Structures are given as C-alpha cells and as structure tokens.
Amino acid sequence: QVQLVESGGGLVQAGGSLRLSCAASGRALSRYAMGWFRQAPGKEREFVAAVSERGGRQRYADAVKGRFTISRDNAKNTVYLQMNSLKPEDTAAYYCAADTEYWSNSWEYWGQGTQVTVSS
C-alpha cells in the first residue's frame with residue numbers, strides 16, 4: 001500500500017508559478033512510476049505528466065509541455081510538479097498517482113488532490 005498526500009496548490013495569477021508536492025508513505029516510492037493528473041469542474045480527469053521510477057524518463061500532456069516539469073526525490077519519498085506560465089485553463093484539482101507501470105492506463109494509488117486556481 002502507498003499513501004499519497006498532495007500539497008502546494010493555491011490561487012495564482014495568470015503567468016505565475018506554483019510547485020506541487022506529493023509525499024508518499026508506506027512502500028518505498030522508488031518502486032513506482034508517478035504521475036500527475038487534473039480534473040476541472042464538469043470535465044473528466046486528464047493526464048498531466050509522469051516520471052519513471054528512478055526519474056530517467058518523463059512524459060507530458062501536450063497542453064503543459066514546456067511549462068510544467070515533473071521531478072522526484074526518492075530519498076524524500078516526494079514527487080514534484082513545477083508549473084510555470086500558468087493559464088486560467090490550468091485551473092483544476094490536481095492529483096498524484098502511483099503505479100508499477102510507467103505507461104499505465106489504470107493507476108493504482110491516488111492522493112486526495114490539491115486545488116489550483118489561476119485567475120486571469
């Protein structure tokens with residue numbers, strides 16, 4: 001079992017930056033690929049970014065490429081999402097997830113989410 005807790009959300013103006021954190025407990029984070037997802041009101045949850053178990057591979061949704069960076073510190077059991085040049089359309093609840101498969105379509109463990117609101 002892995003427990004995930006997100007933090008770092010908040011209200012920011014368009015063009016600003018936020019860094020989200022996802023702290024893991026339970027099994028060692030290094031066993032899992034990690035992902036970030038988001039869900040805006042009235043919309044389905046969508047993939048944002050993923051990082052492989054040791055951090056050597058990353059992938060991003062087209063909507064965030066060049067603006068968001070996913071990283072991890074396995075020694076701290078924490079995954080980060082650095083979000084720059086934020087846009088109002090980035091407003092959503094952001095969730096981190098863990099799975100043993102980097103290309104998973106059905107992530108096994110989920111956090112409770114943290115809200116990001118970008119004002120125009």
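A residue counts as buried when its relative accessible area is under 20%. Arginine 67 has a relative accessibility of 10%, so arginine 67 counts as buried. This residue belongs to a predicted model, and the overall fold is described before its surroundings are taken up.

The protein contains 11 strands and 0 helices. From the N terminus on, every element in the order is therefore written as β: β-β-β-β-β-β-β-β-β-β-β. The C-alpha trace spans about 40 × 25 × 25 Å along its principal axes. The radius of gyration is 13 Å. A compact globule of 120 residues would have a value near 14 Å, so the two agree.

Buried residues account for 46% of the 120 residues. The accessible surface comes to about 6300 Å². Carbon and sulfur atoms hold 43% of that surface. Contacts between residues at least 6 apart in sequence were also examined. Of these, 57% join residues at least 24 apart. The protein carries 14 positive and 11 negative charges. The mean positions of the two sets lie 5 Å apart.

Arginine 67 sits in a loop. That loop runs between strand 6 (58-60) and strand 7 (68-73). The side chain of arginine 67 reaches two backbone oxygens, that of alanine 63 at 2.9 Å and that of serine 85 at 2.9 Å. Beyond residues up to four places away in sequence, arginine 67 touches Gln82, Met83, Asn84, Ser85, Leu86, Lys87 and Asp90.

Serine 85, one of these partners, lies in the loop between strand 8 and strand 9 (92-99). Its relative accessible area is 41%, so serine 85 is partly exposed. The backbone of serine 85 has a positive phi of about 50°, although the residue is not a glycine. Asparagine 77 also has a positive phi, of about 55°, and is not a glycine. Asparagine 77 is placed in the loop between strand 7 and strand 8 (78-83).

Asparagine 77 is among the contacts of cysteine 22. Cysteine 22 lies in strand 3, which covers residues 18-26. With a relative accessible area of 1%, cysteine 22 is buried. Residues up to four places away in sequence aside, cysteine 22 touches Leu4, Val5, Glu6, Met34, Trp36, Asn77, Thr78, Val79 and Cys96. Tyrosine 95 is 73 residues away from cysteine 22 along the chain. The C-alpha atoms of cysteine 22 and tyrosine 95 are nevertheless separated by 8.6 Å.

Glycine 35 is found in strand 4, residues 33-39. Glycine 35 is buried as well, at 1% relative accessibility. In sequence, glycine 35 and cysteine 22 are 13 residues apart. In space, their C-alpha atoms are 9.8 Å apart. Again leaving out residues up to four places away in sequence, glycine 35 touches Ala49, Ala50, Tyr95, Cys96, Ala97 and Trp107. Cys96 is thus a contact of glycine 35 and also of cysteine 22.

Methods: Residues numbered from 1 in each chain as written. Predicted model: local features only at pLDDT ≥ 70, side-chain atom pairs only at ≥ 80, totals over all residues. Heavy atoms only, no water. Helix = DSSP H or I, 4+ residues; strand = E, 2+ residues; numbered from the N terminus. Rg over C-alpha atoms; globule rule 2.2 N^0.38 Å. Buried < 20%, exposed > 50% of the residue type's maximum accessible area, 1.4 Å probe, protein only. Contact = heavy atoms within 4.5 Å. Areas by Shrake-Rupley, 256 points an atom, 1.4 Å probe, with all protein chains shown as cover. Lys, Arg positive; Asp, Glu negative; His and termini not counted. Charge placed at Lys NZ, Arg CZ, Asp CG, Glu CD. Polar contact = N/O pair within 3.5 Å; in protein donor to acceptor, adjacent residues only side chain to side chain.
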